[in-house]
Amino acid sequence: QVQLVESGGGLVQAGGSLRLSCAASGRTFSSYAMGWFRQAPGKERDFVAAISWSGDNTYYADSVKGRFTISRDNAKNTVYLQLNSLKPDDTAVYYCAARPGGSYYTALALEYNYPYWGQGTQVTVSS
């Protein structure tokens with residue numbers, strides 16, 4: 001079992017930055033691939049970014065590529081999502097997710113491949 005707790009969300013003006021954190025419980029964090037997804041009001045939950053268990057592979061949705069950066073610190077059992085150049089369209093609840101292993105985009109970009117989810121953190125970007 002893995003428990004995930006997100007933090008770092010908030011209200012920011014367009015063009016601003018936030019750093020989301022996702023702290024994981026358990027001693028096997030380093031063997032889990034991690035993903036970030038988001039859900040805007042009235043919309044489905046979408047893939048944002050993912051990082052393989054080794055940290056060697058990272059993937060991003062086209063809408064955030066070049067603005068968001070995913071990283072992990074296995075010593076702290078934490079995965080991060082740095083959000084830069086934020087836009088009002090980035091407003092959503094952001095969820096972190098974990099799955100055992102996995103390195104390829106086809107596995108990491110699909111939410112049904114993740115058995116463990118956090119409760120979400122709200123990001124609101126004002127224009």
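How many bridges join E7 and strand E8, and in which sense do the two pair? I looked this up before anything else and found six bridges, in the antiparallel sense, with E8 covering residues 78-83.

**Ground rules.** I note that this is a predicted model, in which local features need pLDDT of at least 70 and side-chain atom pairs count only at pLDDT 80 or more, while totals for chains, interfaces and linings use all residues. Residues are numbered from 1 along each chain as its sequence is written, and side-chain values use heavy atoms, with hydrogens and water left out.

**The open sheet.** I took helices (H or I, at least four residues) and strands (E, at least two) as DSSP runs numbered from the N terminus, and I counted two strands as paired if DSSP finds at least two bridges between them. On that basis I traced an open sheet of four strands in the order E1-E3-E8-E7, with antiparallel pairing. Its edge strands are E1 (4-7) and E7 (68-73), each of which pairs on one side only. From one strand to the next the twist averages 15°, where axes are lines fitted to C-alpha atoms (for helices over the stretch in contact) and angles run from 0 to 180 degrees between N-to-C directions. For a single position I checked Thr69, whose bridge partner in E8 is Gln82.

**Strands E4, E5 and E6.** I then followed E5, which pairs with E4 in the antiparallel sense over six bridges and with E6, also antiparallel, over three bridges. Ala49 is a useful marker here, since Trp36 stands opposite Ala49 in E5, and the bridge partner of Ala49 in E6 is Tyr60. The hairpin of E4 and E5 has five residues between the strands, and Gly42 there takes a positive phi near 75°. The hairpin of E5 and E6 has six residues between its strands, with Gly55 in the turn at a positive phi of about 85°. I used buried for under 20% relative accessible area, exposed for over 50% and partly exposed for values in between (1.4 Å probe, protein chains only). Five of the seven residues of E5 are buried, so this strand is largely enclosed by the rest of the structure.

**Salt bridges.** With a salt bridge taken as a side-chain nitrogen of Lys or Arg within 4 Å of a carboxyl oxygen of Asp or Glu, I arrived at a count of four.

One of them joins Arg38 and Asp90, whose closest N and O atoms are 2.9 Å apart. Arg38 lies in E4 (residues 32-39) and Asp90 in the loop between E8 and E9 (92-100), so the pair ties together parts that are 52 residues apart in sequence. Arg38 is buried at a relative accessible area of 13%, and Asp90 is buried at 1%.

Another joins Arg67 to Asp90, at 2.7 Å between the closest N and O atoms. Arg67 lies in the loop between E6 (58-60) and E7, and Asp90 in the loop between E8 and E9, so this pair ties together parts 23 residues apart in sequence. Both Arg67 and Asp90 are buried. I recorded Arg38, Arg67 and Asp90 as one network, joined by salt bridges that share partners.

I also looked up Arg45, which forms a salt bridge with Glu111, the closest N and O atoms being 3.1 Å apart. Arg45 lies in E5 (residues 45-51) and Glu111 in the loop between helix H1 (105-108) and strand E10 (116-117), so the pair ties together parts that are 66 residues apart in sequence. Arg45 counts as partly exposed at 23% relative accessibility, and Glu111 is partly exposed at 29%.
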